Amino acid sequence: QRYVEDPTTGILCLGYAFGDDEPECWFPEDSPFPGEIADHFKRRGVMVAHNATFDRLITEYVLTNDFNTPPTTLEQWRCISTQSMVVYPMKTTTRR
């Protein structure tokens with residue numbers, strides 16, 4: 001958590017897509033924060049990420065502070081990395 005709380009931590013880009021739309025990439029130096037993402041946050045829409053804990057903390061500590069975006073809640077986040085461990089559990093081996 002120290003990384004996201006560090007004042008030098010910033011956002012280089014944000015990749016996103018809604019439904020079956022083509023993915024887009026937002027670069028903060030090129031344009032304001034996308035309104036459609038802000039609206040999604042406000043509507044309490046679900047965000048799906050490979051490492052949702054990291055993305056959620058970056059959103060909470062950096063995105064909302066530096067770009068004045070609406071806050072998100074823990075319940076809005078889904079982690080596909082964690083979900084994949086349920087579907088494909090890691091096999092453990094015993095050394096003999």
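## Starting at Val-48

Let's begin on one short strand: Val-48 sits in strand 3, which covers residues 47–49. This is a predicted model, so treat what follows as a tour of a prediction. Is Val-48 buried or exposed? With a relative accessibility of 57%, Val-48 counts as exposed, because the cut-off for that label is over 50%.

Val-48 also has company out there. Together with Val-46 and Ile-80, Val-48 makes up a nonpolar patch on the surface. The accessible area of the three adds up to about 250 Å².

## The overall layout

Stepping back, the protein has 4 helices and 4 strands. Follow the chain along the sequence and the order reads α-β-β-α-β-α-β-α. So a helix opens the pattern, and a helix closes the pattern too.

The protein has 96 residues, and 29% of them are buried. About 7500 Å² of the protein is exposed, and 53% of that comes from carbon and sulfur atoms. How far along the sequence do contacts reach? Taking contacts between residues at least 6 apart in sequence, 53% of them link residues at least 24 apart.

## Inside the core

Now for the interior. The largest nonpolar core holds 18 residues. Which of them touch the most other members? They are Ile-11, Leu-14, Trp-26, Phe-33, Ile-37, Phe-41 and Leu-63. Several elements supply two or more residues to this core: strand 1 (14–16), helix 2 (35–42), strand 3, helix 3 (52–66) and strand 4 (77–79). Helix 3 is the biggest giver, with 5 residues. Strand 3, where we met the exposed Val-48, is on that list of contributors as well.

## Rings in company

Aromatic rings are worth a look of their own. The count of aromatic pairs comes to 5. One of them joins Trp-26 and Phe-33, with ring centres 5.1 Å apart and planes at 90°, an edge-to-face arrangement. Both Trp-26 and Phe-33 are buried. Phe-33 also pairs with Phe-41: here the centres are 6.1 Å apart and the planes meet at 40°, so this pair is tilted. An angle of 40° lands there because stacked pairs need planes under 30 degrees apart and edge-to-face pairs need over 60.

These rings belong to one aromatic cluster made of Trp-26, Phe-33, Phe-41 and Phe-67. How buried are two of its members? Phe-33 has a relative accessible area of 15%, and Phe-41 has a relative accessibility of 4%. Both values earn the label buried, because the cut-off is under 20%.

## Phe-41 and its neighbour His-40

What does Phe-41 touch beyond its close sequence neighbours? Setting aside residues within four places in sequence, its contacts are Phe-33, Met-47, Thr-59, Leu-63, Thr-69, Pro-70, Pro-71, Thr-72 and Gln-76.

His-40 lies in helix 2. At 14% relative accessibility, His-40 counts as buried. Leaving out residues up to four places away in sequence, His-40 touches Phe-18, Gly-45, Val-46, Met-47 and Gln-76. One of those contacts, Val-46, brings us back to the nonpolar surface patch with Val-48 and Ile-80.

## A salt bridge in helix 3

Side chains of opposite charge can pair when their charged atoms come close. How many salt bridges does a search of the whole structure find? The search turns up 1. The partners are Arg-56 and Glu-60, whose closest N and O atoms are 3.8 Å apart. Why is there about one helical turn between them? Because Arg-56 and Glu-60 are 4 residues apart in helix 3. Glu-60 is partly exposed, with a relative accessible area of 39%.

## Two loop residues with positive phi

Finally, a couple of backbone oddities. Arg-44 has a positive phi of about 65° even though it is not a glycine. Arg-44 is in the loop between helix 2 and strand 3, and at 44% relative accessibility Arg-44 counts as partly exposed.

Asn-68 is not a glycine either, and has a positive phi of about 55°. You'll find Asn-68 in the loop between helix 3 and strand 4. Asn-68 is exposed, with a relative accessible area of 70%.

Methods:
Residues are numbered from 1 along each chain as its sequence is written. This is a predicted model: local features need pLDDT of at least 70, side-chain atom pairs count only at pLDDT 80 or more; totals for chains, interfaces and linings use all residues. Side-chain values use heavy atoms; hydrogens and water are left out. Patches are made of residues with over 30% relative accessible area and no salt bridge: like charges are joined within 9 Å, nonpolar side chains (Val, Leu, Ile, Met, Phe, Trp, Tyr) within 5 Å. Accessible areas come from the Shrake-Rupley method with a 1.4 Å probe; for residues, only the protein chains shown count as cover. A salt bridge is a side-chain nitrogen of Lys or Arg within 4 Å of a carboxyl oxygen of Asp or Glu. Buried means under 20% relative accessible area, exposed over 50%, partly exposed in between (1.4 Å probe, protein chains only). Rings of Phe, Tyr and Trp (its six-membered ring) pair if their centres lie within 6.5 Å; planes under 30 degrees apart count as stacked, over 60 as edge-to-face and the rest as tilted. A nonpolar core is a set of buried Ala, Val, Leu, Ile, Met, Phe, Trp, Tyr and Cys residues joined through side-chain atoms within 4.5 Å. Contact means heavy atoms within 4.5 Å.
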